[in-house]
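Please find below a short note on the structure under discussion. The points follow the annotated segments, then the packing of the interior, then individual helices.

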Amino acid sequence: MTSVPLERTRVLRGLPLVPAVGLMLVFLAGPILYCLYSAFTDMALTGSSGASFVGLENFRKAFASDEFGRALRYTLLFTVVSAIVGQNILGMALALLMRTGGRVVRTVVSAIVIGAWVLPEVVAGYLWLAFLGDEGPLNQILGVLHLPEQDWLFSLPILAVSLANIWRGTAFSMLVYSAALSEVPREIEEAATMDGAGPVRRLASVTIPMVRRTIATNLMLITLQTLSVFGLIWTMTRGGPSGASTTLPLYAYQQAFQLSQLGYGTALALVLLGLGGVFSLIYLRMLRSEEAVR
C-alpha cells in the first residue's frame with residue numbers, strides 16, 4: 001500500500017533534474033554520438049549532405065598511411081618525453097624542493113612554476129617561439145659563450161615543443177605531489193634517517209612507496225592532457241618542418257579542416273581517444289595492483 005506513494009515521491013523529486021539531464025544528452029552525448037557517426041562516413045567539411053556510410057574505410061586508410069604512422073610515433077614520443085618523464089619527474093623534484101626548502105624558496109618556486117601554468121597555450125607557444133628563434137635569447141646566450149647557434153625549431157622541433165610543454169605543465173604535477181608529500185609522516189622519515197638511510201635511500205624506500213597511488217593518478221592525468229595538446233605545437237611549429245612535429249591532434253585537424261576530410265579527421269580523433277583509453281587502462285591496472293598489495 002505504501003509503495004505507490006513512495007514511487008510517486010521519487011518521481012516528483014527527480015523532476016527538477018529532467019532539464020539538466022536533457023541538456024547533458026543534447027550538448028554532451030549528442031556531439032559524441034555525431035562524431036561516432038561521422039567517423040564511419042566520407043563526410044566533407046561542406047556538411048553531411050551527400051555523405052555516405054563507408055564502414056571501417058577511414059580506419060583502414062589511417063593505419064595504411066605512412067603519415068598517420070609518423071604522427072602516432074611523434075604523439076607517443078611527445079607524451080613520453082614531455083609528460084611521463086619531464087613533467088612527472090620535474091614535478092616530483094620541485095615538490096621535494098618545496099617541502100625541504102625555506103619559505104622564500106617555496107614562494108619563488110611556486111610563483112615561477114604556477115605563473116607558467118596559468119598562461120594560455122597560445123601565449124606559452126609564442127613565448128617559446130621567440131625564446132628559441134634565430135635571434136632569440138637562447139642563441140644570444142650561446143653566442144656570448146662562443147658556442148654555435150642552433151635552429152631548434154627546425155633541427156629538433158619535437159624536442160623543442162616537448163620542452164615547452166614541460167615548462168608549461170610541470171606546475172600541475174608539482175601541486176599534486178606537494179599535496180601527497182604533505183601526508184607522509186615526518187616521523188617515519190626521521191626514523192629512517194636514524195637507521196642510517198641517506199636522502200636517496202629514504203626517497204626510494206620510504207617516500208616513493210607511500211605516494212605510489214598518487215604517482216599513478218598523476219601519470220594518468222598528465223598523459224591524457226598531453227595527448228590532446230594542440231595550441232602549443234601549432235603556435236610553435238604548425239607541425240613542421242615536413243611533419244617532424246605533427247602529432248595526432250594536428251594531423252586530425254589538417255585532414256578535417258585543411259583538406260576538408262571531416263569523416264577521416266573524426267576517425268583520427270577516435271583513434272586518439274582509443275590511445276588515451278589504452279593509457280588509462282594501464283594506469284588503472286597499476287592502481288588495482290597497488291590496492292591488491294595493500
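1. The model is a predicted one. Over residues 74-97 the chain is 100% helix and 0% strand, and 32 Å separate the C-alpha atoms at the two ends. UniProt, in an unreviewed entry, lists 74-97 as a "transmembrane region", together with 20-40, 109-132, 152-177, 215-236 and 262-284.

2. A further segment from that annotation, residues 152-177, is 96% helix and 0% strand in the model. Its end C-alpha atoms lie 31 Å apart.

3. The unreviewed UniProt entry also places the feature "domain: ABC transmembrane type-1" at residues 73-283. Across residues 73-283 the chain is 80% helix, with 0% strand. The C-alpha atoms at the ends of this stretch are 20 Å apart.

4. Which residues touch the most other members of the largest nonpolar core? They are Phe68, Val211 and Leu268, in a core of 31 residues. Two or more residues each come from α3 (57-63), α4 (66-100), α9 (157-181), α12 (212-227), α14 (248-258) and α15 (262-293). The greatest contribution is that of α15, with nine residues.

5. Leucine 268 merits separate inspection. Setting aside neighbours within four places in sequence, leucine 268 is in contact with Ala62, Phe68, Tyr251, Ala252 and Gln255. Apart from the largest core lies another, of 15 residues, which includes Leu132, Ile158, Leu232 and Met236.

6. Helix α14 is mostly covered, with eight of its eleven residues buried. These are Leu248, Pro249, Leu250, Tyr251, Ala252, Gln254, Gln255 and Ala256. Three of the buried residues, Tyr251, Ala252 and Gln255, also appear among the contacts of leucine 268. Just after α14, serine 260 adopts a positive phi of about 65°.

7. In helix α6 (residues 121-131), the buried residues are Ala124, Gly125 and Trp128. Viewed down the axis of α6, its buried residues fall within an arc of 100°, and therefore line one face of the helix. As background, an α-helix has 3.6 residues a turn, so residues three or four places apart point the same way. The cover over the buried residues of α6 includes α9 and α13 (231-236).

8. For a colleague viewing the model, two places bring several of these points together. One is leucine 268, with its contacts to Ala62 and Phe68. The other is α6, whose buried residues have α9 as part of their cover; α9 is also one of the elements that give two or more residues to the largest core.

Conventions:
Residues numbered from 1 in each chain as written. Predicted model: local features only at pLDDT ≥ 70, side-chain atom pairs only at ≥ 80, totals over all residues. Heavy atoms only, no water. Core = buried A, V, L, I, M, F, W, Y, C linked by side-chain atoms within 4.5 Å. Buried < 20%, exposed > 50% of the residue type's maximum accessible area, 1.4 Å probe, protein only. Helix = DSSP H or I, 4+ residues; strand = E, 2+ residues; numbered from the N terminus. Contact = heavy atoms within 4.5 Å. UniProt positions renumbered as here; feature names shortened; annotations may be inferred. Arc of directions from axis to C-beta.
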